[in-house]
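This report goes through one protein model, from its overall dimensions to single residues. The sequence and the structure come first.

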Amino acid sequence: MPDQFSRTQLLLGREAMERLSRARVAVFGVGGVGGYTVEALARSGVGQLDLIDNDTVSLSNLNRQIIATHSTIGQYKVDAAQTRILDINPAAVVRTYKVFYTPQTAEQFDFAQYDYVVDAIDTVIGKLALVEQAQRAGTPIISCMGAGNKLDAAAFEVTDLSRTSMCPLARVMRKELGKRGIKHLKVVYSREPAMTPLEEETPSESGGSLRRQTPGSTAFVPAVAGLIVAGEVVRDLAAAR
């Protein structure tokens, strides 16, 4: 009798689905990119998901984050994601950590227990720490580069960090990881030049106004990046022996 993963099993096979059901994946950052990654991993039958993010859902998240609805505003993102995952697959094991990942909080996580790590966070210092920690543990990791201020969802590709170009975040990561002796990293990135967001007036605490730039984003660019990340994780885990 067909079950909820039977269509996926038609492509991957029973043994691969069993590997996915036993797999434990940690997703750092459950926002525009990470939220879609988590959703696709849950719908693909990944049995254990660790979600790490200390942020809460806000009104400005509704344009691009799959966990963001008016009913989830104010909730922790990991809690909103957990609810979705368990509604999709009640048999899944979901662990949530309301933690902002930095080198200072890294010791809270034992990467040796993960089958895969997803880096969907924004800070360079955090991304570098994730890659270093994953390498020490011998755990596969995939890292998403910049998705903000872009409109071409078809421009994303999967490659090694050493082969990236045009992406300022990838350039910084390549330089800093090189200093640490790390030459290779699987990434999802886009060569599309980042747009300059329109300036907007924002009231200041003193009652006046100030000029600031907020990164622009859309419903489709982070979503595509997150789904590509999930696809790579699923394929790698399904093929693992």
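## Buried and exposed

A residue is called buried when its relative accessible area is under 20%, exposed when that area is over 50%, and partly exposed in between. The model discussed here is predicted. Asn149, with a relative accessible area of 18%, is therefore buried, being under the 20% limit. Across the protein, buried residues make up 49% of the 241 residues.

## Overall dimensions

The protein has 7 helices and 9 strands. Its radius of gyration is 18 Å, which agrees with the value near 18 Å for a compact globule of 241 residues. Along the principal axes, the C-alpha atoms fill a box of roughly 65 × 45 × 35 Å.

Of the contacts between residues at least 6 apart in sequence, 68% join residues at least 24 apart. The exposed area of the protein is about 12,200 Å², and carbon and sulfur atoms supply 52% of that area.

## Nonpolar cores

The largest nonpolar core holds 43 residues. The members that touch the most other members are Val25, Leu41, Leu49, Leu51, Ile85, Val118 and Val233. At least two residues of this core come from each of several helices, namely helix 2 (14-22), helix 3 (32-43), helix 4 (77-88) and helix 7 (221-239). The same holds for strand 1 (24-28), strand 2 (48-52), strand 4 (116-119) and strand 5 (141-144). Helix 7 supplies the largest share, 8 residues.

Which residues does Ile85 contact, leaving aside its neighbours within four places in sequence? They are Val38, Ala42, Leu49, Leu51, Ala92 and Val94. A second core, separate from the one described above, has 28 residues. Phe109, Ala129, Ala170 and Met173 are among them.

## A nonpolar surface patch

Leu10, Leu11 and Leu12 make a nonpolar patch of about 360 Å² on the surface. Leu10 is located in helix 1 (residues 6-12). The relative accessible area of Leu10 is 70%, so this residue counts as exposed.

## Salt bridges

How many salt bridges does a search of the whole structure find? The search finds 14. One of the pairs joins Lys77 to Asp55, with the closest N and O atoms 3.2 Å apart. This pair links distant parts of the chain, as Lys77 is in helix 4 and Asp55 is in the loop between strand 2 and helix 4, 22 residues apart. Lys77 counts as buried, at 4% relative accessibility, whereas Asp55 counts as partly exposed, at 37%.

Another salt bridge is formed by Arg235 and Glu232, whose closest N and O atoms are 2.7 Å apart. Both residues lie in helix 7, 3 residues apart, or about one turn of the helix. Glu232 has 12% relative accessibility and so counts as buried. Arg180 and Glu176 also form a salt bridge, and there the closest N and O atoms are 3.2 Å apart. Arg180 is partly exposed at 37% relative accessibility. Glu132, Glu176, Lys179 and Arg180 are linked in a network of salt bridges.

## A buried asparagine in a loop

Asn61 is located in the loop between strand 2 and helix 4. Is Asn61 buried or exposed? With a relative accessible area of 4%, Asn61 is buried.

Apart from its neighbours within four places in sequence, Asn61 is in contact with Thr56, Ala68 and Lys77. Lys77 is also the salt-bridge partner of Asp55. The C-alpha atoms of Asn61 and Tyr97 are separated by 20 Å, with the two residues 36 apart along the chain.

## Backbone exceptions

Most residues other than glycine have a negative phi. Asn149 has a positive phi, near 60 degrees, and is not a glycine. Asn149 lies in the loop between strand 5 and strand 6 (156-160).

Met166 also has a positive phi, of about 75 degrees, without being a glycine. The location of Met166 is the loop between strand 6 and helix 6 (168-179).

Key. Residues are numbered from 1 along each chain as its sequence is written. This is a predicted model: local features need pLDDT of at least 70, side-chain atom pairs count only at pLDDT 80 or more; totals for chains, interfaces and linings use all residues. Side-chain values use heavy atoms; hydrogens and water are left out. A nonpolar core is a set of buried Ala, Val, Leu, Ile, Met, Phe, Trp, Tyr and Cys residues joined through side-chain atoms within 4.5 Å. Buried means under 20% relative accessible area, exposed over 50%, partly exposed in between (1.4 Å probe, protein chains only). Helices (H or I, at least four residues) and strands (E, at least two) are DSSP runs, numbered from the N terminus. Contact means heavy atoms within 4.5 Å. Patches are made of residues with over 30% relative accessible area and no salt bridge: like charges are joined within 9 Å, nonpolar side chains (Val, Leu, Ile, Met, Phe, Trp, Tyr) within 5 Å. Accessible areas come from the Shrake-Rupley method with a 1.4 Å probe; for residues, only the protein chains shown count as cover. A salt bridge is a side-chain nitrogen of Lys or Arg within 4 Å of a carboxyl oxygen of Asp or Glu. The radius of gyration is taken over C-alpha atoms; the globule rule is 2.2 Å times the number of residues to the power 0.38.
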